[in-house]
Amino acid sequence: MLKQRIITALILAPLVIAGIFFLPFPAFVYALAAVTLAGFWEWTQFVDAKSRLGAMLVPAIALGASIAIMPTDAMTLAVMAPSHQLMLLIGGVWWLIASALAVTYPSSTSLWSKSVPLKYIFGLLTLLPFFWSVLMLRAVNYAESPYHGAQLVLLVCFLVWSADTGAYFSGKQFGKHKMAPAVSPKKTIEGLIGGAALAVLVTWGGAAIMDIPFSGTGSLLVIAVLSVIASVFGDLVESMFKRVAGIKDSGNILPGHGGILDRIDSLTAAFPVFALLYLWLV
């Protein structure tokens, strides 16, 4: 399993980075839409619908509507970003609610586990703000530097990946206090702290190397730490939905890693939070 994970990561990471930097913006929009649609397909397992194809109707329409109203020209989207921040704010509020549901699991399941419409809504609140936030970051300062937004997107990926790495090793070495044992018994507060520390260092170093401006060290710390916390709960929330659905992985498309949602669960939470705070504070 470890060998499979490493091989898949070595193949996938360069493809993701190449797509972030070298796909023309309209092609990037549709590539990200394909990833988001795949995430919705895997989410249909959580909905308990009679037909998974039928369950795709609502998210497909919602994603199509997003593409229809979103400028596929990066410079236009960058100018219109302030008017689109409501979607990021909705995403941020959703992750506060979702985190509370994960922390209080399993008692919280009585509020939503029997409701198919709520599960639909939870999927939309998870994946649509993610879709919007990645594109809005990719479009930042596009007129001045077409690669500035790509560097921002990559910085968030580095932040999440380093947080996962730091949490794994610090949790393994020092972990004693469980975060949400009913959802994920291995995640600890010590792991969260270690992951946040490494992520802050990586974010600071990455911003310096790629010349990404922050208004100050304080804003960098706030954005990095809150994004890390969001990423951890993104993982926990998906684990919660999988537990309720009785499945181990959201899919098997990525050998050693599971499904698309298993790979982007932390990113779905980190991107809206990072994008919203970056557009507000920087």
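## Close-up views

**View 1. α9 and α10 each provide two or more residues of the lining of the second largest cavity.** Keep in mind, here and in every view below, that we're looking at a predicted model. Searching the whole structure turns up two cavities of 30 Å³ or more, and the second largest of them holds about 50 Å³. Around it sit Trp43, Trp95, Thr126, Gly234, Val237, Glu238, Leu261, Asp265 and Thr268. Sorted by class, that lining has four nonpolar, three polar and two charged residues. The charged pair is Glu238 and Asp265.

**View 2. Helix α9 (residues 217–245) packs against helix α10 (residues 260–281), with 7 Å between their axes.** The angle between the two is about 150°. Anything over 145 degrees counts as roughly antiparallel, so that's how α9 and α10 run relative to each other. Their crossing is right-handed. On the α9 side, the contact uses Ser219, Val222, Ile223, Leu226, Ser227, Ala230, Ser231, Gly234, Asp235, Glu238 and Lys242. From α10 come Leu261, Asp262, Asp265, Ser266, Ala269, Ala270, Val273, Phe274, Leu277, Tyr278 and Leu281. The class tally for this contact is twelve nonpolar, five polar and five charged. Some of these side chains were already in View 1: Gly234, Glu238, Leu261 and Asp265 belong to the helix contact and also line the second largest cavity.

**View 3. The second largest pocket encloses about 290 Å³ of space.** Its lining is made of 15 residues, and those closest to the centre are Gly92, Leu96, Leu226, Ala230 and Val273. Three elements give two or more residues to this lining: α5 (74–103), α9 and α10. Which helix gives the most? That's α5, with six residues. The wall has 13 nonpolar residues, two polar ones and no charged ones. Leu226 and Ala230 of α9 and Val273 of α10 are worth picking out, as they also take part in the helix contact of View 2.

**View 4. Helix α8 (residues 189–209) meets α9 at an angle of about 135°.** Here the axes lie 9 Å apart. Since the oblique class takes in angles above 115 degrees that don't go over 145, α8 is oblique to α9. The crossing is a right-handed one. α8 brings Leu192, Gly195, Ala196, Ala199, Val200, Thr203, Trp204 and Ala207 to the contact. α9 answers with Leu220, Leu221, Ala224, Val225, Val228, Ile229 and Val232. Count by class and you get 13 nonpolar, two polar and no charged residues. The polar ones are Gly195 and Thr203, both on the α8 side.

**View 5. α4 (57–69) and α6 (116–138) cross at roughly 25°.** Their axes come within 11 Å. With angles under 35 degrees counting as roughly parallel, α4 fits that description with respect to α6. This crossing, too, is right-handed. Val58, Pro59, Ala62, Leu63, Ser66, Ile67 and Ile69 are the α4 residues in the contact, and Tyr120, Leu124, Leu128, Phe131 and Trp132 are their partners in α6. Eleven of the contact residues are nonpolar, one is polar and none is charged. The polar one is Ser66.

**View 6. The largest cavity has a volume of about 70 Å³.** It's lined by Phe40, Trp43, Thr44, Val47, Ala55, Val58, Pro59, Tyr120, Gly123 and Leu124. α2 (25–47), α4 and α6 each contribute at least two of these. α2 gives the most, with four residues. By class there are eight nonpolar, two polar and no charged residues in the lining; the polar ones are Thr44 and Gly123. Val58, Pro59, Tyr120 and Leu124 will look familiar, because they're part of the α4–α6 contact as well. Trp43 lines this cavity and also the second largest one of View 1.

**View 7. Two backbone details sit in loops.** What kind of peptide bond joins Tyr105 and Pro106? It's cis, with omega at about 10°. Pro106 belongs to the loop between α5 and α6. The other detail is Asn141, a residue other than glycine with a positive phi, near 55°. Look for Asn141 in the loop that runs between α6 and α7 (148–174).

Terms used: Residues numbered from 1 in each chain as written. Predicted model: local features only at pLDDT ≥ 70, side-chain atom pairs only at ≥ 80, totals over all residues. Heavy atoms only, no water. Axes fitted to C-alpha atoms, helices over the stretch in contact; angles between N-to-C directions. Parallel < 35°, antiparallel > 145°, perpendicular 65-115°, else oblique. Left-handed = near helix turned anticlockwise from the far one by under 90°. Contact = heavy atoms within 4.5 Å. 1 Å grid on protein atoms, 1.4 Å probe; cavity = no way out; pocket = protein on both sides within 12 Å on 5 of 7 lines; lining within 4 Å. Points joined across faces, edges and corners; volume = space filled by probe spheres on them.
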